[in-house]
Amino acid sequence: MQIMMDRLQATLLYDGECPFCSAYVRMLRLRDNVALELVDARTDMARTQTLADAGIYIDDGFVLELPDQRYHGDEALNALALMSTSSTLFNRVNAAVFSSPALAKALYPLLRSGRNLALRLLGKRRILPHANHG
């Protein structure tokens with residue numbers, strides 16, 4: 001008899017207009033026990049604004065919400081790497097690099113800068129352009 005474990009419910013809020021963010025969520029494969037809901041922060045402005053009111057800005061990094069925890073930016077990237085499978089080369093590289101909290105923290109600003117440059121080149125605005133947060 002096989003015991004079925006409850007699936008971990010997770011939500012990832014990301015920038016759907018960012019080509020890097022969109023490619024990342026398309027290529028990421030998580031373990032079977034993780035049910036991941038993908039939410040484009042640009043289409044759910046109420047949730048995005050609620051996070052901003054709490055000091056969490058999607059423009060500074062995507063947000064991973066679990067039932068008992070919220071991760072932002074490099075911490076979200078690290079948590080996703082730890083939940084990923086080794087089913088594809090992308091996932092293996094992602095896990096090898098970002099399952100280290102120190103590497104995720106060191107590299108995330110470069111990834112965010114690339115995102116910001118890409119959005120500027122594509123003529124896209126920040127998700128919350130009125131947000132005044134460093």
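**Entry 1: aromatic rings**

I began with the aromatic side chains and found that Tyr 24, Phe 62, Phe 90 and Tyr 108 form one aromatic cluster. I keep in mind throughout that this is a predicted model. I then looked up how many aromatic pairs the structure holds, and the count is three.

I looked at Tyr 24 and Phe 62, which form a stacked pair, with 5.8 Å from centre to centre and 20° between the planes. I noted that Tyr 24 lies in helix α1 and Phe 62 in the loop between α2 (45-53) and β3, so the pair ties together parts that are 38 residues apart in sequence. I turned next to Phe 62 and Tyr 108, whose pair is edge-to-face, at 6.1 Å centre to centre and with 80° between the planes. Because Tyr 108 lies in helix α5 while Phe 62 lies in the loop between α2 and β3, this pair ties together parts that are 46 residues apart in sequence.

Are these rings buried or exposed? I found Tyr 24 buried, at 11% relative accessibility; Phe 62 is buried too, with a relative accessible area of 10%, and Tyr 108 counts as buried at 7%.

**Entry 2: helices α1 and α5**

I next looked up how α1 and α5 pack, keeping in mind that two packed helices are described by the angle between their axes and the distance between the axes. For helix α1 (residues 19-27) and helix α5 (residues 101-121) I noted an angle of about 120°, with the axes 8 Å apart. The two helices are therefore oblique to each other, since the roughly perpendicular range ends at 115 degrees. I listed the residues that make the contact: α1 gives Pro 19, Phe 20 and Cys 21, and α5 gives Gly 114, Arg 115 and Ala 118. Sorted by character, the residues of this contact are four nonpolar, one polar and one charged.

**Entry 3: the sheet**

I traced the sheet, which is open, has four strands in the order β2-β1-β3-β4, and shows mixed pairing. Which strands lie at the edges? I found β2 (34-40) and β4 (69-72) there, each of them pairing on one side only. From one strand to the next, the twist averages 20°. I also checked what packs on the sheet and found helix α3 (residues 74-83), which touches β1, β2, β3 (63-66) and β4, and whose direction makes about 115° with that of β4.

I then went through the pairings in turn. Strand β1 (residues 8-14) pairs with β2 in the parallel sense over seven bridges, and here I picked out Ala 10, whose bridge partner in β2 is Leu 36. On β1 and β3 I recorded antiparallel pairing over three bridges, with Leu 64 of β3 as the bridge partner of Leu 12. The pairing of β3 with β4 is likewise antiparallel, over four bridges, and in β4 the partner of Leu 66 is Gln 69. I noted as well that β3 and β4 form a hairpin with two residues between them.

**Entry 4: side chains of β3**

I finished with β3, recalling that in a regular strand the side chains alternate between the two faces of the sheet. Which way do the β3 side chains point? I found that Val 63 and Glu 65 point one way, that Leu 64 and Leu 66 point the other way, and that all of them are buried.

Note on methods:
Residues are numbered from 1 along each chain as its sequence is written. This is a predicted model: local features need pLDDT of at least 70, side-chain atom pairs count only at pLDDT 80 or more; totals for chains, interfaces and linings use all residues. Side-chain values use heavy atoms; hydrogens and water are left out. Axes are lines fitted to C-alpha atoms, for helices over the stretch in contact, and angles run from 0 to 180 degrees between N-to-C directions. Angles under 35 degrees count as roughly parallel, over 145 as roughly antiparallel, 65 to 115 as roughly perpendicular and the rest as oblique. Contact means heavy atoms within 4.5 Å. Ala, Val, Leu, Ile, Met, Phe, Trp, Tyr, Cys and Pro count as nonpolar, Asp, Glu, Lys and Arg as charged, and the others, Gly among them, as polar. Two strands pair if DSSP finds at least two bridges between them. Rings of Phe, Tyr and Trp (its six-membered ring) pair if their centres lie within 6.5 Å; planes under 30 degrees apart count as stacked, over 60 as edge-to-face and the rest as tilted. Buried means under 20% relative accessible area, exposed over 50%, partly exposed in between (1.4 Å probe, protein chains only).
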